Amino acid sequence: MTDYADVIVRSSGERVQSLVIQASAASGFMVGWASATKGKAGKGSKEMNPAFDAFAQCYGIDFEILPAPANVILRLYEANSGYAGGPLDASKVRRPFDNLAQTLAYGFQQQGVLVGAEKRKV
């Protein structure tokens, strides 16, 4: 199952993009945009991961900005589950995902535009 988190805000898509970039950078992620509403935040190295395991974890979080009535939904997806490396690696991948989702929700809360946040499984 793939985890995802929804962060619902009263804001414009551009403002959501801006906070995604700021929060991701503060958490050590690099952000790349595939379009105005879809992108990926990544951290670590796929090449170094097998050689150094715990010291060179690779994380990927896909995100999408979805319009909703009177709000905007920022949906974050775990791009890699980490289950190939077993339960311990899965928890190492889940932690940065949860942290980034919480950081984004907190950032919107500080701006007074957070409507809600929830985590789900597909």
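Two strands count as paired when DSSP finds at least two bridges between them. With that in hand, take β2 and β3: methionine 30 has glycine 42 in β3 as its bridge partner. What you're looking at is a predicted model, and the protein in it has three helices and six strands. Reading from the N terminus, the elements go β-α-β-β-α-β-β-α-β.

**The sheet as a whole**

- The six strands make an open sheet in the order β2-β3-β4-β5-β1-β6, and the pairing is antiparallel.
- At the edges sit β2 (30–33) and β6 (114–121), each of which pairs on one side only.
- Going from one strand to the next, the twist averages 20 degrees.
- Helix α1 (residues 13–26) packs on this sheet, where α1 touches β1 (3–9), β2, β3 (38–43), β4 and β5.
- The direction of α1 makes about 150 degrees with that of β2.
- As general background, sheet strands pair through backbone hydrogen bonds, in either a parallel or an antiparallel way.

**Walking across the strand pairs**

- Start at the β2 edge: β2 and β3 are antiparallel and share four bridges.
- A hairpin of four residues takes the chain from β2 to β3.
- Next along, β3 and β4 run antiparallel and are joined by six bridges; one spot to look at is lysine 43, whose bridge partner in β4 is tyrosine 59.
- Then comes β4 (residues 59–68) with β5 (residues 71–78), an antiparallel pair held over eight bridges.
- Several residues let you line up β4 against β5: isoleucine 61 stands opposite glutamate 78, aspartate 62 has tyrosine 77 as its bridge partner, and alanine 68 stands opposite asparagine 71.
- β4 and β5 also form a hairpin, with two residues between the strands. In that turn, alanine 70 has a positive phi of about 70 degrees.
- On the other side of β5 is β1, again antiparallel, with six bridges between β1 and β5. Isoleucine 8, for instance, has isoleucine 73 in β5 as its bridge partner.

**What's inside**

- Across the 122 residues of the protein, 39% count as buried.
- β5 is mostly covered, with seven of its eight residues buried.
- The largest nonpolar core has 23 residues, and the members touching the most other members are Val16, Leu74, Leu76, Leu104 and Phe108.
- Each of β1, α1, β4, β5 and α3 (87–110) supplies at least two residues of this core, and α3 gives the most, with six.
- For a closer look at one core member, try valine 16: leaving out residues up to four places away in sequence, valine 16 touches Val9, Ser11, Ile65, Val72, Leu74 and Phe108.
- In soluble globular proteins, nonpolar side chains tend to be buried together.

**Two residues worth a click**

- Aspartate 6 is in strand β1. Aspartate 6 counts as buried because its relative accessibility is 5%, and buried means under 20%.
- The aspartate 6 side chain makes a polar contact with the side chain of arginine 75, at 2.6 Å.
- Setting aside residues up to four places away in sequence, aspartate 6 touches Ile73, Leu74, Arg75, Gly116, Ala117 and Glu118.
- Glutamine 109 belongs to helix α3. With a relative accessible area of 48%, glutamine 109 is classed as partly exposed, because that class lies between buried, under 20%, and exposed, over 50%.
- Glutamine 109 and valine 9 are 100 residues apart in sequence, yet their C-alpha atoms are 8.8 Å apart in space.

**Whole-protein numbers**

- Take the contacts with a separation of 6 or more: residues 24 or more positions apart account for 57% of them.
- About 6,800 Å² of the protein is exposed, and carbon and sulfur atoms supply 57% of that area.

How values were computed: Residues are numbered from 1 along each chain as its sequence is written. This is a predicted model: local features need pLDDT of at least 70, side-chain atom pairs count only at pLDDT 80 or more; totals for chains, interfaces and linings use all residues. Side-chain values use heavy atoms; hydrogens and water are left out. Axes are lines fitted to C-alpha atoms, for helices over the stretch in contact, and angles run from 0 to 180 degrees between N-to-C directions. Contact means heavy atoms within 4.5 Å. Buried means under 20% relative accessible area, exposed over 50%, partly exposed in between (1.4 Å probe, protein chains only). Accessible areas come from the Shrake-Rupley method with a 1.4 Å probe; for residues, only the protein chains shown count as cover. A polar contact is a pair of N or O atoms within 3.5 Å; within protein, one must be able to donate a hydrogen and the other to accept it, and residues adjacent in sequence count only if both atoms are side-chain atoms. A nonpolar core is a set of buried Ala, Val, Leu, Ile, Met, Phe, Trp, Tyr and Cys residues joined through side-chain atoms within 4.5 Å.
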